[in-house]
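Here's a walk through one protein model, written for someone who likes to check the geometry. Have the viewer open while you read.

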Amino acid sequence: MMIDKLLFWKKKKEISGDLLEEVQKHPVPRHIAIIMDGNGRWAKKRAMPRIAGHHEGTKVVQRITRIADKLGVEVLTLYAFSTENWKRPQGEVDYLMKLPEQMFSTFLPELIEKNVRVQTIGNFDKLPSHTQRAVQKAMDDTKHNTGLILNFALNYGSRDEMVQAVRKIAEECKENQLDANDINEETIASHLMTNKIEDPDLLIRTSGEIRISNFMLWQIAYSELWFTNVLWPDFTEEHLVQAIYDFQHRGRRFGGI
């Protein structure tokens, strides 16, 4: 692949090459959202249990967070656990709920040092208490940071998000806090879980699946989409740089000419 010719991974863990230099000459996406897919298949290909893929995937989360921060990305939203993922085998779900504890136990000090702020979207209160504690500690310890926002979509589903928004709007109309005739796109957006961050400029999905899977359906109306066959545990900093390079060379007209 051309990207392999242009980039190489040095022992010092620093990306070098013509492509990276070219990307740094142009504005990067302010908000990148990623559907991290393929952990289970990665493990199956290696005759390993699915949880091994999830464990490997957390290492990629850390590496991609570092390079996104280095490149000046303002928000990185990662689809970590969907409202549909509860349907998976209980043992796998239990392991996924332990991953925030495992990851933040070692990664949180670095996030604090690098001025990264941890946030979440999703039905947080329905997560197990030990998961809530780990994530809440990460949010509390980084709440004053002003750099990259690392936004985890946990127990998140876009349709559920929109249903909740409609309910809130309906309640405000019922209590005469809002006139139904005044409802517009801004009204809906302000009631979504992402109301304090901008919509994604770039949406990436790994593993070869070409669908959105109930992720930020409202917010990605004009996002650029980038799909790759690479499974998430194999997704590298070079892949992210390639996605950003492609983004920079697309024409974003937002319905105009």
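What follows covers ring pairs, two helices, two pockets and a few single residues, all in a predicted model.

## Ring pairs

Let's start with the aromatics. The structure has 6 aromatic pairs. One of them is Tyr79 with Tyr156, an edge-to-face arrangement with the centres 6.0 Å apart and 80° between the planes. This pair links distant parts of the chain: Tyr79 sits in strand β4 (residues 75–82) and Tyr156 in strand β6 (residues 149–156), 77 residues apart. Tyr79 counts as buried because its relative accessibility is 8%, below the 20% cut-off. Tyr156 is buried too, at 1%.

Another pair is Phe104 with Phe152, again edge-to-face, at 5.9 Å centre to centre and 90° between the planes. Phe104 belongs to helix α5 (residues 90–113) and Phe152 to strand β6, so this contact ties together parts that are 48 residues apart in sequence. Phe104 is buried, with a relative accessible area of 7%, and Phe152 is buried with 7% as well. There's also a cluster: ring pairs link Tyr79, Tyr156 and Phe215.

## Two helices, checked by length

How far apart should the ends of helix α4 (residues 50–71) be, at 1.5 Å a residue? With 22 residues, the helix should span 32 Å, and its end C-alpha atoms are 32 Å apart, so the two values agree. Right after α4 comes Gly72, which has a positive phi, near 90°. Within α4 itself you'll find Ile67, which is buried because its relative accessible area is 6%. From Ile67 to Met162 is 95 residues along the chain, and their C-alpha atoms are separated by 32 Å.

The same sort of check works on α9 (237–248). Its 12 residues should span 16 Å, and the end C-alpha atoms are 17 Å apart, which agrees. How much of α9 is covered? Mostly covered is the answer, with 10 of its 12 residues buried. Among the buried ones are Glu237, Glu238 and His239, along with Leu240, Val241, Ile244 and Phe247.

## The largest pocket

If you're hunting for space, the largest pocket holds about 690 Å³. Its lining takes in 31 residues, and Met36, Tyr79, Ala80, Phe81 and Asn85 lie nearest the centre. Tyr79 is thus a name to notice twice: it belongs to the ring cluster with Tyr156 and Phe215, and it is listed among the residues nearest the centre of this pocket.

Which elements supply at least two residues each to the lining? They are α3 (39–45), α4, β4, α5 and β6. By residue type, the lining divides into 15 nonpolar, 9 polar and 7 charged.

## The second largest pocket

The second largest pocket has about 300 Å³ of space. It is lined by 13 residues, and the closest to its centre are Asp199, Trp218, Gln219, Ala221 and Tyr222. What is the mix of residue types here? The lining has 6 nonpolar, 2 polar and 5 charged residues.

## A loop contact

Thr228 is in the loop between β8 (224–227) and α9. At 11% relative accessibility, Thr228 counts as buried. A polar atom of its side chain lies 3.2 Å from the backbone nitrogen of Val230.

## Two residues and their distances

Is Asp18 buried or exposed? Asp18, in helix α2 (residues 18–23), counts as exposed because its relative accessibility is 53%, over the 50% cut-off. Pair Asp18 with Tyr95 and you get 77 residues along the chain and 40 Å between the C-alpha atoms.

Ile32 is in strand β3 (residues 31–35). With 0% relative accessibility, Ile32 counts as buried. Ile32 and Thr83 are 51 residues apart in sequence, and C-alpha to C-alpha they are 21 Å apart in space.

Terms used
Residues are numbered from 1 along each chain as its sequence is written. This is a predicted model: local features need pLDDT of at least 70, side-chain atom pairs count only at pLDDT 80 or more; totals for chains, interfaces and linings use all residues. Side-chain values use heavy atoms; hydrogens and water are left out. Rings of Phe, Tyr and Trp (its six-membered ring) pair if their centres lie within 6.5 Å; planes under 30 degrees apart count as stacked, over 60 as edge-to-face and the rest as tilted. Helices (H or I, at least four residues) and strands (E, at least two) are DSSP runs, numbered from the N terminus. Buried means under 20% relative accessible area, exposed over 50%, partly exposed in between (1.4 Å probe, protein chains only). The expected span of a helix is 1.5 Å times one less than its number of residues. On a 1 Å grid over the protein atoms alone, a cavity is a set of points where a 1.4 Å probe fits but cannot get out, and a pocket is an open set with protein on both sides within 12 Å along at least five of seven lines; lining residues have an atom within 4 Å of a point. Grid points are joined across faces, edges and corners, and a volume is the space filled by probe spheres set on the points. Ala, Val, Leu, Ile, Met, Phe, Trp, Tyr, Cys and Pro count as nonpolar, Asp, Glu, Lys and Arg as charged, and the others, Gly among them, as polar. A polar contact is a pair of N or O atoms within 3.5 Å; within protein, one must be able to donate a hydrogen and the other to accept it, and residues adjacent in sequence count only if both atoms are side-chain atoms.
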